[in-house]
Amino acid sequence: MNKPLDFAVTAEAAPQVGVNKTHESAALHVSGEATYIDDIAEAQGTLHAALGLSPVAHGKLLSIDIELLRKQPGVVAIYTAADFPGENNCGPLIHDDPILADGELRYLGQPVYAVIATDRELARRAAHMAKQAIKCEALTPILTALEGHAAGQYVLPPMHLTRGEPHEQLAKAPHTLKGEWNVNGQEQFYLEGQISYALPQENNAILVHCSTQHPSEMQQLIAHAMHWHSHQIQVVCRRMGGGFGGKESQSALFACVAALAASRLRKPVKLRVDRDDDFMITGRRHGFDYRWHVGYDDEGHILAAEIELISNCGHSADLSAPVMARALCHFDNAYWLPHVAMHGYCARTNTQSNTAFRGFGGPQGALAIEMIMDSVARHVGLDPLLVRQRNFYSDGKDVTPYGQKVEDNIIQPLTERLIEQCGYHQRRAEISAFNATSPVLKKGLALTPVKFGISFNVVHLNQAGSLVHVYTDGSVLVNHGGTEMGQGLNTKVAQVVAHELGLSLHHVRATATDTQKIANTSATAASTGADLNGKAAQDAARKIKLRLAALAAKLMGGVAEEVRFGGDVVRSGEASMPFPELVAKAYLERVQLWSDGFYATPGLSWDRVKMQGKPFFYYAYGASVAEVLVDTLTGESRCVRADVIHDVGQSLNPAIDIGQVEGAFVQGMGWMTTEELKWHPQTGLLTTHAPSTYKIPTANDSPTIFKVSLFDQPNRSDSIHRSKAVGEPPLLLPFSVLLAIKDAVASTGGERSDPLLLAPATAEAVLNALETV
């Protein structure tokens, strides 16, 4: 039997925000008690689904041998595109992404049919008979973004963003530099794979437990596919075992198939794909190809720049439009570019449809200018840090190419603090001395900054809702539209509510995201989770607080405006009352003890045609210094030290925020150094579709010395408790690792050596770069 809540009366209120608090599921995580979707006890009669995948990268679907599949052991039903009573589409923005292939086969691994069986292994065995069951006519695939660009194959029209007179200024510049470069994509590699569990409900309704960052979108896409109303579909997500953007839109295919089967068979249906199929079916971070032309002076000032950014979108649009828009809006990173022309091309290829990944195009945009800055510095013979500092946004040079003024610029003082704390200049001299006497092992050092815009590119998505319930024993329950994927969102929202009501955190509980509680939610993405949902929860808690304050003043004397909540006690003048006692009296007085809350980010505007406006509520900043050691005989490298200062405003929970910075750094370092995607050049088979061939970083790959601190300065914008978002911006910090490896490689050449190092900087890539010195 649960013990009653202990509301200890304390003299002073301890703050519940701005302090270290344990993640609300930490004990459950480490004990194995945290319930993920596959842990939910299966209802009686649960069936299992598996997907039959296209054996070719491009082709015409001629027929499917349904009877062959139905004869397999345990098979209950086979479903194809024709079985959806509504729209066969899981595309989030443009309806160009079929749930199951219909007529055209677009990539090797595309789902063509669904097998429903009594057992998961039996379903998988039947599904894997695709080569026998699918009859098709193979066509020549387009497998790279450059091939798609050359053929004029795009999922969206090109985007262009120009300021000033870039062509004229390039012609006048004292020095110019042209370059071509590319960066690979990156697999999200969430530890919990894609999964949906659909259970039929009474009166032609359905409940879907889905591992998703966007329950409302799952609800809407299921409704469209089933030709139902949204109120017939309930989507619930208590927690995900990671998402990183890969479950923002691409969980829809699995949710729709499970819902179709459950509704047709009137039995629960679970669809959980294994890791290999997850790789083969779903998309990942967009890879980008770049072609640039920059003009600069003797001191390294960028005078003009023109760049083409060509993204590999895969076979459909998915979220490629906002990804490219954000890439273009982050090409400037922390730098003033007086004359610039950017051209974004979203190439269509016969590969998985690429999607959101932590940073959402921002890293791909900023990485290009960082590579340019490094090359310019090497061509003028200056420390790349000095060139970066000379190009930082500053007073009078503080408007972005898309027209937003940089009003909260702290990049210079943040960088200066990092330079001093890590002893950058002394270490630069020490590394030069080391390299002069070490013929095989070479050290490298680099500092890179981050300026990252916070808000959804699409203005109307910047809204959130919340419900707060106060029970008669004084305990509090909060529900909001955000989803928990390990990042600590529920913890932060609970902290906000506890702080607002003057309660200790353990009196507040956050519950599963549920489309029957908060409707029409936005995805938990764009680093806006705490900003939006924290504000919405604060709004709901304040409404309850105002009602309780009025009653407290009535019962204890005084005026409502002067009633204080804190330390689990409510005070009015010299009188006080424990919070549960006031709540109990409020119930007897018929005072409403629950409330909804809503928040919409103010002041945003965006013209997607002109690519002008104020798309971001504020910017988050950061900087990192990485030191690496490179073996020039094997190409192996290791980050031996990383120093990071990151701006999270006035942190809601420093422990969680530092954890997010550390995790983002290591994840980004994996993208920059070890995570390599390879497709067979003829067949279009993704050959790196498992941990055996796709190498994510482990704890052993973390920097040997890893120093992370927060730049604790309140946000100038009216964010939740003046904090700043922390999910995506730190992923750009490990650009310093890639450029430190380049620095080590460059040390084997002459004074102005500028080697061509590609990302990821695998051992092979490093050896290739050494050949260019």
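**Cavities and strands in a predicted model**

This is a predicted model, and it holds 6 cavities of 30 Å³ or more.

User: Which residues lie nearest the centre of the largest cavity?
Analyst: That cavity has about 150 Å³ of space in it. Its lining is made up of 15 residues. The ones nearest the centre are C90, D97, Q250, L253 and I281.

User: How does the lining of the largest cavity divide into nonpolar, polar and charged residues?
Analyst: Let's sort the lining residues by class. Charged residues number 2 and polar ones 6. That leaves the nonpolar group, with 7.

User: Which strands sit at the edges of the open sheet that contains β17 and β18?
Analyst: The sheet has 4 strands with mixed pairing, in the order β19-β18-β17-β24. Neighbours in this sheet are turned by 20 degrees against each other on average, direction ignored. An edge strand pairs on one side only, and that picks out β19 (508-510) and β24 (594-600).

User: What is the bridge partner of L477 in β19?
Analyst: β18 covers residues 476-480 and runs parallel to β19, with 3 bridges joining the two. Over in β19, L477 is matched with R509.

User: At about what angle does helix α15 run to β18?
Analyst: Helix α15 spans residues 489-501 and lies across β17 (463-470), β18 and β19. Its direction against β18 comes out at about 130 degrees.

User: Which residues make up the uncovered face of strand β7?
Analyst: β7 (residues 159-163) pairs antiparallel with β15 (residues 340-348) over 5 bridges. In a regular strand the side chains alternate between the two faces of the sheet. M159, L161 and R163 form the covered face of β7, and the uncovered one is H160 and T162.

How values were computed
Residues are numbered from 1 along each chain as its sequence is written. This is a predicted model: local features need pLDDT of at least 70, side-chain atom pairs count only at pLDDT 80 or more; totals for chains, interfaces and linings use all residues. Side-chain values use heavy atoms; hydrogens and water are left out. Two strands pair if DSSP finds at least two bridges between them. Axes are lines fitted to C-alpha atoms, for helices over the stretch in contact, and angles run from 0 to 180 degrees between N-to-C directions. Contact means heavy atoms within 4.5 Å. Buried means under 20% relative accessible area, exposed over 50%, partly exposed in between (1.4 Å probe, protein chains only). On a 1 Å grid over the protein atoms alone, a cavity is a set of points where a 1.4 Å probe fits but cannot get out, and a pocket is an open set with protein on both sides within 12 Å along at least five of seven lines; lining residues have an atom within 4 Å of a point. Grid points are joined across faces, edges and corners, and a volume is the space filled by probe spheres set on the points. Ala, Val, Leu, Ile, Met, Phe, Trp, Tyr, Cys and Pro count as nonpolar, Asp, Glu, Lys and Arg as charged, and the others, Gly among them, as polar.
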